[in-house]
Amino acid sequence: MSDFFPRLRNSRTAVWAATALVAAVLVLLPFVFGQMGNAWVRALAFALLYIMLALGLNIVVGFAGLLDLGYIAFYAVGAYMYALLASPHLTANFPWIAQTFPDGLHNSIWLVIPLGAGLAAAFGILLGAPVLKLRGDYLAIVTLGFGEIIRIFLNNLNAPLNITNGPQGITLIDPISFGAFSLAKTQSILGIELPSVHLYYYFFLILAIVTIVICIRLQDSRLGRAWMAIREDELAAKAMGINVRNVKLLAFSLGATFGGVAGAMFSAFQGFVSPESFTLNESIIVLAMIVLGGLGHIPGVVLGAILLAIFPELLRHTVGPVQNFLFGHVIVEAEVLRMMLYGLAMVLIMLYRPKGLWPAPEHGINPSNRRVAGKAQAG
């Protein structure tokens, strides 16, 4: 909590009090939003997935300064990995798999999470290796192409061997379960009935917290400082003895791991995946979360992810009724208005808050001591 609010660092009691307050809010949040319908709790669960995605991309873009427009490809890799390993698709299309696994493929979540992270990391290295010498616009174009190549492959790998089922996608994907405890069913915990969507929310919340902790540790590590040195001046970083090649590859691979895990969770949550869920627009939205919140600043990235994940749901429930009340019919659809407001928000952020809504503190100045430093400079 002190990483989110540095002013609390001087008081251990304040840190614990703030942590307890935030924990209580996060636990009660689905019950409050659930009063308006399960759709709002689903939106909260998706916001947690987007937090994982945004923090993974923040390693590449925010920490290492490598503009990646194909990040959604790692999300797709994780999603399809889980879909193939936890659905009847492979056993229905490949007889030898059906003979080897007569009861079908129903893999444990303890296998899926590390496998999704490892597979996405491998694809991150596959992307990073050829583009190590590229910078700026050239890097953005190549990574954009990588993301589109993955989507097109998924869309066309239904012939001659039906691996991904093409544009029809994969259905009947197993939900997340821990033995007999399935997140797809309403469960009673301590006498409280928790619907499936609440259970997914709490599970994604745990994963998001783990992701935040890992990112904070990475930021404060030697590796994190090496990423930031490359972001500020690659030539100077190389002159100081940093292995630029390996450090960049680590940024791509570690950033991809969070995308792979989030993709696997998305697949289990939805029960269906198709190539249309992994378009360029999704990559741009995740990048917009980072820019809106604060590039390279973990609390800002979390804020940006929450805002842009909840915003479409808010528009979906308000735009239509408000226009019907004012004009008697819908003039602008919610999706059109959403993209207009996205564009307007980006323009305003670039003009008035170029470092984001919650920017990273200045180098060498502790935010809690900024006022003291300002007075010293003025004196």
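Below are a few exercises on this predicted model, each with a worked solution.

Before you start: local features need pLDDT of at least 70, side-chain atom pairs count only at pLDDT 80 or more, and totals for chains, interfaces and linings use all residues. Residues are numbered from 1 along each chain as its sequence is written, and side-chain values use heavy atoms, with hydrogens and water left out.

**Exercise 1: a helix pair**

Task: Find how the axes of helix α1 and helix α2 cross, and which residues make the contact.

Solution:
- Step 1. Locate the helices: α1 covers residues 12-34 and α2 residues 38-63. Helices are DSSP runs (H or I, at least four residues), numbered from the N terminus.
- Step 2. Compare the axes, which come within 7 Å and cross at roughly 145°. Each axis is a line fitted to C-alpha atoms over the stretch in contact, and angles run from 0 to 180 degrees between N-to-C directions.
- Step 3. List the contact (heavy atoms within 4.5 Å): L29, P30, F33 and G34 come from α1, and W40, V41 and L44 from α2.
- Step 4. Sort by class: there are six nonpolar residues, one polar and no charged ones. Here Ala, Val, Leu, Ile, Met, Phe, Trp, Tyr, Cys and Pro count as nonpolar, Asp, Glu, Lys and Arg as charged, and the others, Gly among them, as polar.

**Exercise 2: a salt-bridge network**

Task: Work out which residues are joined with E234 into one network.

Solution:
- Step 1. Begin with the total: the structure holds five salt bridges, each a side-chain nitrogen of Lys or Arg within 4 Å of a carboxyl oxygen of Asp or Glu.
- Step 2. Take E234 and R135, whose closest N and O atoms are 3.4 Å apart. E234 lies in helix α10 (residues 234-239) and R135 in the loop between α6 (109-128) and α7 (136-156), so this pair ties together parts 99 residues apart in sequence.
- Step 3. Add K248, which also bridges to E234, with the closest N and O atoms 3.1 Å apart. K248 sits in helix α11 (residues 244-270) and E234 in α10, 14 residues apart.
- Step 4. Join them: through shared partners, R135, E234 and K248 form one network.
- Step 5. Check accessibility (buried is under 20% relative accessible area, exposed over 50%, partly exposed in between; 1.4 Å probe, protein chains only). E234 is buried at 19%, R135 is exposed at 53%, and K248 is buried.

**Exercise 3: the nonpolar core**

Task: Identify the residues that touch the most other members of the largest nonpolar core.

Solution:
- Step 1. Define the set: buried Ala, Val, Leu, Ile, Met, Phe, Trp, Tyr and Cys residues joined through side-chain atoms within 4.5 Å.
- Step 2. Read off the leaders among its 107 residues: I176, F203, F204 and M265. Helix α2 gives the most to this core, with 20 residues.
- Step 3. Zoom in on F204, leaving aside neighbours within four places in sequence: its contacts are A45, L48, L49, I176, M265 and F269.

**Exercise 4: a serine in a helix**

Task: Is S283 buried or exposed, and what does it touch?

Solution:
- Step 1. Place S283 in helix α12 (residues 280-293).
- Step 2. Apply the accessibility cut-off: at 3%, S283 counts as buried.
- Step 3. Collect its contacts, not counting residues up to four places away in sequence: L69, G70, Y71 and I72.

Definitions and conventions: Helix = DSSP H or I, 4+ residues; strand = E, 2+ residues; numbered from the N terminus.
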